[in-house]
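The following exercises are to be worked with the sequence and the three-dimensional structure at hand. Each task is followed by a solution in steps.

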Amino acid sequence: MELNLPSFDIRLRDSGSRRQVLDVLRRRYVALTPEEWVRQHFVHYLMEHKGYPKGLLANEVELRVGEKRLRCDTLLYNRAMQPQMIVEYKAPDISITQRVFDQISAYNLLLHVDYLIVSNGRQHFCCRMDYEQQSYTFLQEIPDYEEIKG
């Protein structure tokens with residue numbers, strides 16, 4: 001599946017009738033879904049092309065709101081291990097709509113991060129939050145880690 005992300009040395013295997021991909025952050029093979037294809041490409045892009053430290057990234061992070069459980073696709077933590085960026089993925093054939101932004105905004109109500117990213121592997125949107133002004137700014141590109149590490 002063609003994505004607007006650089007390729008990387010992807011590791012695949014077959015497990016029964018299912019194809020799996022190695023998730024370097026979870027350190028295990030996971031089901032290769034279209035969304036997972038996007039996640040693995042994007043995580044490698046962040047690490048290999050944008051300088052994000054592997055040790056500060058986590059996939060499938062569970063959040064709890066009362067009895068409700070939510071899962072962030074990828075979180076970037078700062079050096080104090082506080083969430084700094086949320087990344088939400090969709091399959092390449094899923095359009096990035098207001099509903100996707102509503103989903104990531106719900107996660108951010110809990111985490112209060114500096115950056116939100118949404119990607120379907122073909123289109124990527126990144127915004128920087130400004131809590132003082134109660135606004136956000138869409139960035140032209142995904143920032144390098146050096147620009148945001150603070």
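**Exercise 1. The largest pocket**

Determine how the lining of the largest pocket divides by residue type, and which elements supply it.

Solution. Step 1: the lining comprises 9 nonpolar, 4 polar and 1 charged residues. Here Ala, Val, Leu, Ile, Met, Phe, Trp, Tyr, Cys and Pro count as nonpolar, Asp, Glu, Lys and Arg as charged, and the others, Gly among them, as polar. A pocket is an open set of points on a 1 Å grid over the protein atoms alone, where a 1.4 Å probe fits, with protein on both sides within 12 Å along at least five of seven lines; lining residues have an atom within 4 Å of a point.

The model is a predicted one, in which local features need pLDDT of at least 70 and side-chain atom pairs count only at pLDDT 80 or more, whereas totals for chains, interfaces and linings use all residues. Residues are numbered from 1 along each chain as its sequence is written, and side-chain values use heavy atoms, with hydrogens and water left out.

Step 2: the space in the largest pocket is about 240 Å³, a volume being the space filled by probe spheres set on the grid points, which are joined across faces, edges and corners. Of the 14 lining residues, Phe 101, Ser 105, Leu 116, Met 129 and Tyr 136 are the closest to the centre of this pocket.

Step 3: at least two lining residues come from each of helix 2 (98–111), strand 8 (124–130) and strand 9 (135–138). Helices (H or I, at least four residues) and strands (E, at least two) are DSSP runs, numbered from the N terminus. Helix 2 gives the largest share, 7 residues.

**Exercise 2. Helix 1 and His 41**

Establish what span helix 1 has, and whether His 41 is buried or exposed.

Solution. Step 1: helix 1 covers residues 34–50, 17 in number, and its first and last C-alpha atoms are 23 Å apart, close to the expected 24 Å. The expected span is 1.5 Å times one less than the number of residues.

Step 2: of the 17 residues of helix 1, 13 are buried. Buried means under 20% relative accessible area, exposed over 50%, and partly exposed in between (1.4 Å probe, protein chains only). After the helix comes Gly 51, with a positive phi near 75°.

Step 3: His 41 belongs to helix 1 and is buried, because its relative accessible area is 8%. Its side chain lies 2.9 Å from the backbone oxygen of Trp 37. Beyond neighbours within four places in sequence, the contacts of His 41 (heavy atoms within 4.5 Å) are Leu 3, Leu 5, Pro 6, Ser 7, Phe 8 and Ile 10.

**Exercise 3. A loop asparagine**

Identify the backbone atoms that the side chain of Asn 120 reaches.

Solution. Step 1: Asn 120 is placed in the loop between strand 7 (115–119) and strand 8. Asn 120 counts as buried because its relative accessibility is 3%.

Step 2: a polar atom of the Asn 120 side chain lies 3.0 Å from the backbone oxygen of Ile 94. The same side chain reaches the backbone nitrogen of Arg 122 at 2.9 Å.

Step 3: outside its neighbours within four places in sequence, Asn 120 touches several residues, including Leu 3, Val 38, Lys 90 and Ile 94.

**Exercise 4. Positive phi in loops**

Find where Arg 27 and Met 81 lie, and compare their exposure classes.

Solution. Step 1: most residues other than glycine have a negative phi. Arg 27, however, has a phi near 55°, and Met 81 has one near 60°.

Step 2: Arg 27 is in the loop between strand 2 (18–23) and strand 3 (28–31); with 70% relative accessibility, Arg 27 is exposed. Met 81 is in the loop between strand 5 (68–77) and strand 6 (83–89); with 46%, Met 81 is partly exposed.

**Exercise 5. Glu 60 in its strand**

State which side chain forms a polar contact with that of Glu 60.

Solution. Step 1: Glu 60 sits in strand 4 (residues 57–65) and is partly exposed, at 22% relative accessible area.

Step 2: the partner is Arg 39, whose side chain makes a polar contact of 2.9 Å with that of Glu 60. A polar contact is a pair of N or O atoms within 3.5 Å; within protein, one must be able to donate a hydrogen and the other to accept it, and residues adjacent in sequence count only if both atoms are side-chain atoms.

Step 3: Arg 26 is 34 residues from Glu 60 along the chain, and their C-alpha atoms are 8.6 Å apart.
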